[in-house]
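Trainee: Could you go through this model with me? I'd like to see how each label gets earned.

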Amino acid sequence: MIQRRNKIFYYPVLYSIFSVAVTILVIMWPVLSKKHIGWIEVNWYKEGVSWGPVPRRQFLVVTFTGDNITDSLKLDFGQNFIREMLANKDTVHAIDFHFGEKSRYATFVAVLDICKIEDARYFVASDDGIKVFYYSVSRFQNPNIIPINL
């Protein structure tokens with residue numbers, strides 16, 4: 001006679017598998033709940049490429065050296081400058097962030113965060129930095145600068 005074995009459920013194993021699945025879901029929920037993932041389109045500056053009729057600007061040059069204290073002060077100053085430039089719709093002044101050899105990557109990310117926070121729609125990444133400016137589309141008939149929608 002063949003004896004049937006009763007199925008044995010290992011409750012601790014089932015509980016651990018369930019708890020791991022729930023933990024992964026809880027951790028990944030902020031990522032999974034976003035409607036879209038954002039990205040930044042970057043158009044690198046190249047010599048000889050025409051960007052259209054861009055007005056001459058007076059650039060305020062801010063150079064990051066890698067010193068944490070002075071770089072944070074320069075970031076605060078740059079954020080205030082961008083805020084005032086965009087509030088006044090200033091097409092004459094602009095800011096040019098330069099990154100030195102010893103500047104940190106976190107400073108570069110902070111500059112991009114400032115552009116997103118202040119809703120700076122026009123900024124160009126060059127070889128050694130980022131240029132942020134206000135651009136009035138109505139001033140020119142055929143603008144070739146692409147707006148950055150974040």
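Mentor: Sure. Keep in mind that this is a predicted model. Let's start just after α2, where Lys-89 takes a positive phi of about 55°.

Trainee: And α2 itself, how do you know that its length fits a helix?

Mentor: Set the expected span against the ends. At 1.5 Å a residue, the 21 residues of α2 should span 30 Å, and the end C-alpha atoms are 30 Å apart, so the two agree.

Trainee: Which residues of α2 are buried, and what do they pack against?

Mentor: The buried ones are Asp-71, Leu-75, Gly-78, Gln-79, Phe-81, Ile-82, Met-85 and Leu-86. They pack against β1, β2, α3 and β4.

Trainee: Which residues touch the most other members in the largest nonpolar core?

Mentor: That core has 18 residues, and Phe-64, Ile-82, Ile-95, Phe-97, Val-111 and Val-132 touch the most other members. Two or more residues come from each of β1, α2, β2, α3 and β4, and α2 gives the most, with 5. As for Val-111, leaving out residues up to four places away in sequence, it touches Phe-64, Leu-75, Phe-97, Phe-99 and Ile-130. Another core, of 5 residues, lies apart from the big one, with Tyr-122 and Phe-133 among them.

Trainee: What makes Glu-118 and Arg-83 a salt bridge?

Mentor: Their side chains meet at 2.9 Å, N to O, and the cut-off is within 4 Å, so the pair qualifies. The pair links distant parts of the chain, with Glu-118 in the loop between α3 and β3 and Arg-83 in helix α2, 35 residues apart.

Trainee: Why is Glu-118 called buried?

Mentor: Buried means under 20% relative accessible area. Glu-118 has 15%, so it counts as buried. Arg-83 has 39%, so it counts as partly exposed.

Trainee: How do you know that Lys-131 and Asp-96 form a salt bridge?

Mentor: The distance is 3.3 Å, N to O, and anything within 4 Å passes, so that's a salt bridge too. Asp-96, at 5% relative accessibility, counts as buried, while Lys-131, at 27%, counts as partly exposed.

Trainee: How many salt bridges does the structure hold?

Mentor: It holds 3. Arg-121 and Asp-119 make one of them, at 3.5 Å, N to O.

Trainee: Why is Met-28 called partly exposed?

Mentor: Partly exposed runs between the 20% and 50% limits. Met-28 has 37% relative accessibility, so it fits. Met-28 sits in helix α1 and helps make a nonpolar surface patch of about 820 Å², along with residues including Val-20, Ile-24 and Trp-29.

How values were computed. Residues numbered from 1 in each chain as written. Predicted model: local features only at pLDDT ≥ 70, side-chain atom pairs only at ≥ 80, totals over all residues. Heavy atoms only, no water. Patch = residues over 30% accessible without salt bridge, like charges linked within 9 Å, V, L, I, M, F, W, Y side chains within 5 Å. Areas by Shrake-Rupley, 256 points an atom, 1.4 Å probe, with all protein chains shown as cover. Helix = DSSP H or I, 4+ residues; strand = E, 2+ residues; numbered from the N terminus. Buried < 20%, exposed > 50% of the residue type's maximum accessible area, 1.4 Å probe, protein only. Core = buried A, V, L, I, M, F, W, Y, C linked by side-chain atoms within 4.5 Å. Contact = heavy atoms within 4.5 Å. Expected span 1.5 Å × (residues − 1).
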